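User: Got a minute to go through a model with me? I'd like to talk about what sits around the ligands and where the empty spaces are.

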Amino acid sequence: MEKRPLLQIGNLLPALEEGLRERYAVTRLENAADPVVFLNAHGGEFVGVATSALVGISAEQIAAMPNLQVISCFGVGVDKIAMSAARARNIPVGYTPDILNDCVADTAIALILDVARATPEADRYVRSGLWAERGPNSFHLGRKVSGARLGIVGLGRIGRTIARRALGFDMDIRYHARHPVPDAPWDYEPSLPDLARWADFLVVITAGGPGTRHLINDEVLDALGPRSFLINVARGSVVDEQALIRALIEKRIGGAGLDVFENEPFVPETLLALDNVVLLPHIASATEETRLAMARRVIDNLDLFFAEGRLLSEAS
Ligand code: NAP
Ligand code: 8YV
């Protein structure tokens with residue numbers, strides 16, 4: 001049977017690109033000299049799209065593909081996918097929920113430990129020779145994580161996985177979202193500033209997009225206060241980055257652990273210079289095991305759609 005024509009938007013995991021090429025006639029949009037001109041001329045040829053949560057697909061790109069039947073996304077966040085344009089055309093969007101819960105939760109816990117115990121700064125201290133120069137017990141004290149108060153912003157699939165891990169650290173847990181989660185054994189806090197005021201660690205793991213833009217603002221950061229820490233493993237857009245930088249410089253919060261940024265892969269110079277932040281290059285789901293399982297789901301979603309007209313996991 002002839003392979004179905006599929007458009008790939010952005011770079012994907014090499015194993016995923018290979019798997020897609022085995023099954024589909026893949027065209028990489030990035031290979032076009034001018035992607036917009038190319039899509040306007042050839043968009044009608046494609047019946048499927050494979051993209052990632054980082055790159056997504058715009059309403060204009062969807063409009064340029066009149067025969068598009070399905071979009072398969074590598075990742076769980078769909079803030080870069082023009083969902084209403086897809087919905088208007090009844091184009092289902094596949095994504096990779098649950099598969100990455102463990103690794104993103106592990107990264108959130110790692111960031112909590114890193115900011116509290118200043119492990120990256122301590123590592124720099126040893127490597128720079130300062131420990132040898134200044135002697136035993138010369139590095140500043142950290143803060144205790146076990147038994148501390150953890151506020152989770154967004155108790156979805158990943159938020160709940162973080163909470164379960166935090167139980168192993170005997171942490172006291174509360175959460176904020178727009179709605180209480182009926183079966184959650186943790187206290188719901190309807191006011192985000194109140195949750196921040198209570199928490200030693202505030203972990204942000206909501207969806208991205210316009211609904212959560214700058215949810216973490218001056219008011220929330222001031223409520224968090226100088227002895228507490230912000231962790232963001234959701235999307236850069238959820239935190240007002242300029243407000244965060246001011247709060248960090250003025251030491252109005254204790255520190256921050258960030259996996260995501262407003263303008264990735266660019267991180268403001270001022271953040272790079274601060275010791276009270278731990279910065280990661282959006283790697284929360286980036287393990288071989290999880291990324292390969294995500295790749296499998298991208299392919300399975302496409303294959304199942306073309307075989308049976310349904311997806312294994314469809315975003316709504
Ligand atoms: P999920 O199950 O849909 O959970 C999202 C949570 O966000 C829900 O609890 C939702 O609760 C809450 N929420 C949505 N809008 C909100 C608002 N305005 N205020 C407060 N809470 C709000 O999604 P998930 O699978 O846990 O993933 C969450 C997000 O993590 C993804 O969308 C993605 O952006 C991010 N992520 C990042 C990485 C990374 O590499 N750093 C990896 C995977 C995922 P309510 O509806 O009750 O408000
Ligand atoms: C990845 C993510 O960075 O799933 C998401 O929403 O942000 C991460 O898992 C992304 O999928 C890689 O493209």
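Analyst: Sure, we can take the ligands, then a pocket and a cavity, keeping in mind that this is a predicted model.

User: Start with ligand 1. Which residues are closest to it?

Analyst: Ligand 1 has 27 residues around it, and the closest are Arg 157, Ile 158, Arg 178, His 179 and Asp 259. By class, that shell has 13 nonpolar, 10 polar and four charged residues.

User: And which side chains put a polar atom by an oxygen atom of ligand 1?

Analyst: Arg 178 is one of them, with a polar side-chain atom 2.8 Å from an oxygen atom of ligand 1. His 282 is another: an N or O atom in its side chain is 3.1 Å from an oxygen atom of the ligand. On the backbone side, an N or O atom of Val 233 lies 3.0 Å from a nitrogen atom of ligand 1. On its own, ligand 1 has 920 Å² of accessible area, and the protein covers 86% of that.

User: OK, over to ligand 2. What surrounds it?

Analyst: Here 13 residues surround the ligand, with Val 76, Gly 77, Arg 235, His 282 and Ser 285 closest. The shell of ligand 2 splits into six nonpolar, five polar and two charged residues.

User: How far is the Arg 235 side chain from an oxygen atom of ligand 2?

Analyst: An N or O atom in the Arg 235 side chain is 2.7 Å from an oxygen atom of ligand 2. The backbone joins in too: a polar backbone atom of Val 76 is 2.8 Å from a ligand oxygen, and a backbone N or O atom of Gly 77 lies 2.9 Å from an oxygen of ligand 2. Ligand 2 taken alone exposes 330 Å², and the protein buries 91% of it.

User: Changing topic: why does the second largest pocket lie between the domains?

Analyst: Because domain 1 (4–97 + 289–308) and domain 2 (101–279) both give residues to its lining. The volume of this pocket is about 490 Å³.

User: Which residues lie nearest the centre of that pocket?

Analyst: Lys 80, Phe 261, Asn 263, Glu 264 and His 282, out of 20 lining residues. The lining divides into nine nonpolar, five polar and six charged residues.

User: Last one: how many cavities of 30 Å³ or more are there?

Analyst: One, with a volume of about 30 Å³. Among the residues lining that cavity are Asn 232, Glu 241, Leu 258 and Phe 261. By class, the cavity lining has five nonpolar, two polar and one charged.

Key
Residues are numbered from 1 along each chain as its sequence is written. Chains are lettered from A and ligands numbered from 1 in the order in which they are written. This is a predicted model: local features need pLDDT of at least 70, side-chain atom pairs count only at pLDDT 80 or more; totals for chains, interfaces and linings use all residues. Side-chain values use heavy atoms; hydrogens and water are left out. On a 1 Å grid over the protein atoms alone, a cavity is a set of points where a 1.4 Å probe fits but cannot get out, and a pocket is an open set with protein on both sides within 12 Å along at least five of seven lines; lining residues have an atom within 4 Å of a point. Grid points are joined across faces, edges and corners, and a volume is the space filled by probe spheres set on the points. Ala, Val, Leu, Ile, Met, Phe, Trp, Tyr, Cys and Pro count as nonpolar, Asp, Glu, Lys and Arg as charged, and the others, Gly among them, as polar. Domain bounds come from an automatic or database domain assignment. A residue is near a molecule or strand if one of its heavy atoms lies within 4 Å of it. A polar contact is a pair of N or O atoms within 3.5 Å; within protein, one must be able to donate a hydrogen and the other to accept it, and residues adjacent in sequence count only if both atoms are side-chain atoms. Accessible areas come from the Shrake-Rupley method with a 1.4 Å probe; for residues, only the protein chains shown count as cover.
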